[in-house]
Amino acid sequence: MLKRRKGFLAMVFVVSLWLPPRAQGEGEAMLIEQGRMLITPFKQALMAELKAALKQGPEHAVIVCQERAPQIASRLSSQSVQIGRTSPKLRSPSNAPKSWVMPYLEAYQKSPSGASPKALLLKGGWVGYVEPVFVAEMCLPCHGERLDKNVAAILDALYPGDKARGFKAGDFRGVFWAEFRPKRPER
Ligand code: HEC
């Protein structure tokens, strides 16, 4: 009897370890919401600084993207949260995608219309969150088809392998991502 019970408990334990790679249903919606709340202050801070800097011209704003984006990301990161930006068409190699993000980049690129945020379970109780980003008019001075000569020269100097040019408004550009330890729902 005791033996059978132990066997049963072992099985429950194994089954509960075997989690599907994608968080599902209501659970996924809750994790997506937690991810969205972690990314929102990053997006807002970056946009505000970018808009302000663009008023002085795109060549001044390049520094915002280059220095401030990683600074804001690390300010908003902690022991239980890491956030960043990545893309299939990278400007900076330091934004290279983590391996769990790659399949999402491919999927978003294949069907950008209807691309929506996703959450998945990672190892060690972490959750991965991705949110697609699209090109707006205000991105074009630095990511568009026709760049100002000075801007192009600055970008050439800073990013020799730059692939993040030639976009049109509405194109899929990349993702904001987060890795975090989820908060348990309150009961
Ligand atoms: C003033 C120039 C400028 C503008 C405007 C700009 N970017 Fe960028 N963007 C950059 C630079 C420079 C980098 C590289 C940053 C780094 O070194 O981490 C970058 C990097 C990125 C990345 C990270 C992935 C990569 O390729 O390195 C994403 C995503 C991105 N930009 C999206 C956007 C979007 C969306 C907009 C419009 C809302 C935008 N950018 C507007 C200059 C700009």
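Let's start at the ligand: 22 residues surround it, and Arg91, Cys139, Cys142, His143 and Tyr159 come nearest. Here, a residue is near a molecule if one of its heavy atoms lies within 4 Å of it. Keep in mind that this is a predicted model, where local features need pLDDT of at least 70, side-chain atom pairs count only at pLDDT 80 or more, and totals for chains, interfaces and linings use all residues. Residues are numbered from 1 along each chain as its sequence is written, and side-chain values use heavy atoms, with hydrogens and water left out.

What is the shell around the ligand made of? It divides into 14 nonpolar, four polar and four charged residues. (Ala, Val, Leu, Ile, Met, Phe, Trp, Tyr, Cys and Pro count as nonpolar, Asp, Glu, Lys and Arg as charged, and the others, Gly among them, as polar.) Helix H2 (25–54), helix H3 (58–75), strand S3 and helix H5 (140–143) each chip in at least two residues, with the largest share, five residues, coming from H3. Helices (H or I, at least four residues) and strands (E, at least two) are DSSP runs, numbered from the N terminus.

Now zoom in on some atoms. An oxygen atom of the ligand sits 2.7 Å from a side-chain N or O atom of Asn95, while a ligand nitrogen atom is 2.9 Å from a side-chain N or O atom of His143.

Strand S3 (residues 127–134) also pairs with strand S2 (residues 118–121), in the antiparallel sense and over four bridges; for two strands to pair, DSSP must find at least two bridges between them. Take Leu120: its bridge partner in S3 is Gly128. S2 and S3 form a hairpin with five residues between them, and Gly124 in the turn has a positive phi of about 70°.

Notes: Polar contact = N/O pair within 3.5 Å; in protein donor to acceptor, adjacent residues only side chain to side chain.
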